[in-house]
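Q: Could you take a close look at the enclosed empty spaces in this protein for me? I'd love to hear what surrounds them.

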Amino acid sequence: MSAAVGGAEFHGFRGAAQLPRSRMLGRPLRVAPPPATPSGGAGGPSAASIRAVSAPLKKDASEVKRSKVEIIKEKSNFLRYPLNEELVSEAPNINDNAVQLIKFHGSYQQTDRDVRGQKNYSFMLRTKNPCGKVPNQLYLAMDTLADEFGIGTLRLTTRQTFQLHGVIKKNLKTVIGTVIKNMGSTLGACGDLNRNVLAPAAPYVRKDILFAQETAENIAVLLTPQSGAYYDLWVDGEKIMSAEEPPEVTKARDDNTHGTNFPDSPEPIYGTQYLPRKFKIAVTVAGDNSVDILTNDIGVVVVSDSEGEPAGFNIYVGGGMGRTHRVETTFPRLADPLGYVPKEDILYAIKAIVVTQRENGRRDDRRYSRMKYLIDRWGIDKFRAEVEKYYGKKFEDSHPLPQWQFNSYLGWQEQGDGKLFYGVHIDNGRVGGQAKKTLREIIEKYNLDVSITPNQNLILCGINQAWKDPITAALAQAGLLDPKDVDPLNLTSMACPALPLCPLAQTEAERGILPILKRIRTVFDKVGIKDHESVVVRITGCPNGCARPYMAEVGFVGDGPNSYQIWLGGTPNQSTLAESFMNKVKLQDIEKVLEPLFSYWNSARQDGESFGTFTCRTGFDKLKEVVDKWGESASAT
């Protein structure tokens with residue numbers, strides 16, 4: 001049963017012929033992905049038997065069908081060839097094989113889609129900043145690079161990193177070399193390996209927070225590529241290190257007690273083919289869901305004892321946002337509880353999980369290569385048993401945790417060491433214009449380190465009490481308002497960059513979100529929702545989900561020019577997965593959907609009930625009826 005509203009096709013949770021929604025696990029029951037196809041036809045290996053071609057126990061790689069990207073990785077001499085040759089060619093772009101490899105070095109080749117009739121090539125660079133930490137020297141360097149080699153802006157990402165857009169090929173070596181020499185890196189910010197490791201961004205001097213950040217940094221080091229190709233290409237082989245590697249990380253990486261490593265390989269964990277797809281990890285403390293913990297391949301939560309001392313970690317596995325429109329076998333998924341490990345074992349447990357994905361994740365069809373599909377196919381019990389083979393121990397039962405809360409860390413707060421920090425709200429994470437100039441002046445004048453949050457905001461750290469008033473005044477003069485003076489809709493919203501540079505974007509996200517938020521506030525005013533009330537809105541230009549729209553109370557997912565899929569049902573603490581509510585909603589028609597929904601929420605909600613919780617309790621059938629009747633009434637008048 002479907003109905004059209006403003007040209008949009010309306011859908012219930014899964015449709016009459018599909019499986020019912022399951023809220024017990026926070027996600028729907030779903031159709032399984034198709035099995036892998038053996039290269040030799042019938043009788044070949046099953047999807048469960050596909051392993052990395054360089055896996056220690058691999059017998060006959062020729063039997064396994066692999067995607068083109070797998071061959072490129074294998075033949076690249078650990079991410080060097082043909083990228084090294086393409087970088088010195090006269091062409092403004094690099095070839096398709098090099099495009100795949102440069103991702104591992106932290107860059108995507110892009111074209112300006114606003115320019116018609118020609119390919120206007122440039123490169124986006126992404127840094128890798130575990131926990132979002134950015135030393136003063138690196139921030140100032142990035143600010144300068146944006147002006148000299150980029151488009152004059154910095155982009156704060158949903159994974160606590162910088163993106164620098166508009167770098168032309170001939171400047172890549174200068175830009176990446178400058179990042180490296182200023183305590184930064186782009187290595188592994190993209191590509192089929194571990195990406196930036198998230199952690200709470202707030203610089204609280206608190207045992208659990210500090211331990212979470214230290215753990216995130218150690219995991220990032222553990223899973224950093226080791227072959228040296230990055231330094232060969234960008235700083236002529238000079239490996240510039242800001243600090244010595246922690247000995248516990250080296251020990252964990254080198255340990256091969258349970259057959260996790262490739263002996264004598266430049267890449268002991270990754271081998272020649274790295275991972276099947278991108279891999280995302282977040283670390284947090286009990287109750288703090290500033291990192292969207294359940295959306296990651298691995299979520300790690302610090303568990304403290306009765307004295308407040310960190311004792312170990314609960315681990316969650318199998319989260320991921322990406323999907324493909326009209327392919328029901330692709331889906332967003334929340335992570336499942338795997339178990340608990342004592343704190344001294346965390347690096348070994350992480351390594352065992354990564355190796356399980358390396359050995360068993362699909363390499364034939366990249367749509368199904370994320371670890372969430374492996375766990376969905378196997379089930380958590382089988383996955384746990386396989387991980388335990390590489391871990392060498394049984395996981396303990398997960399420890400009880402408090403309810404999750406979203407923490408933005410905006411405004412003035414005490415660090416706990418006599419100093420302050422200030423969380424600056426940055427719309428969509430785009431730092432430019434007078435705001436960029438003023439932030440640089442403040443950061444440079446007071447010699448501040450900063451931290452990037454997973455919600456695309458910036459924290460100024462280590463501020464003396466005497467600096468509070470002049471910093472507040474300078475920020476206000478630059479239009480960077482105190483969070484209490486910003487519309488609550490803006491404070492929790494997120495958008496990916498999308499057009500004009502992202503090649504995957506089907507419609508606007510960053511450039512369209514602020515007008516959409518204003519229209520939502522206008523609807524709120526019309527139906528009687530108060531100014532201090534809000535919903536979590538996230539927008540992406542395609543279904544890959546970079547801004548995590550499938551966790552929003554209202555998610556807009558681009559599905560065509562000026563057209564969005566609308567997802568409903570996420571919650572403010574990012575602990576529940578949303579569901580697709582309507583397809584092909586034209587930008588000009590969003591009020592026809594949102595006004596009846598918000599009006600009904602305002603009149604029928606329980607005390608303190610969020611919009612996302614309300615939509616889950618009410619059910620999509622009733623919400624469909626409300627939208628239909630509203631449309632009929634509007635047509636009659």
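A: Happy to; here is a walk through the cavities, followed by a short look at one helix pair. Please keep in mind that this is a predicted model.

Let's begin with the count: 3 cavities of 30 Å³ or more are found. The largest cavity has a volume of about 70 Å³. Its lining includes the run Pro225, Gln226, Ser227, Gly228, Ala229, Tyr230 and Tyr231. Leu79, His105, Leu187 and Lys239 also line the largest cavity. Sorted by class, this lining has 6 nonpolar residues, 4 polar ones and 1 charged residue; the charged one is Lys239.

Next comes the second largest cavity, which holds about 50 Å³ of space. Among the residues lining it are His425, Ile426, Asp427 and Asn428. Asn455, Gln456 and Asn457 line it too, as do Asn490, Leu491 and Ser493. Here the classes come to 2 nonpolar, 7 polar and 1 charged.

Finally, the helix pair. Helix H12 spans residues 433-445 and helix H13 spans residues 468-477. Their axes lie 9 Å apart, and the helices pack at an angle of about 165°, which means that H12 is roughly antiparallel to H13. The crossing of the two is right-handed. On the H12 side, Thr438, Leu439 and Ile442 make the contact, and H13 brings Ile471, Ala474 and Leu475. By class, that contact has 5 nonpolar residues and 1 polar residue, with no charged ones.

How values were computed. Residues numbered from 1 in each chain as written. Predicted model: local features only at pLDDT ≥ 70, side-chain atom pairs only at ≥ 80, totals over all residues. Heavy atoms only, no water. Axes fitted to C-alpha atoms, helices over the stretch in contact; angles between N-to-C directions. Helix = DSSP H or I, 4+ residues; strand = E, 2+ residues; numbered from the N terminus. Parallel < 35°, antiparallel > 145°, perpendicular 65-115°, else oblique. Left-handed = near helix turned anticlockwise from the far one by under 90°. Contact = heavy atoms within 4.5 Å. 1 Å grid on protein atoms, 1.4 Å probe; cavity = no way out; pocket = protein on both sides within 12 Å on 5 of 7 lines; lining within 4 Å. Points joined across faces, edges and corners; volume = space filled by probe spheres on them.
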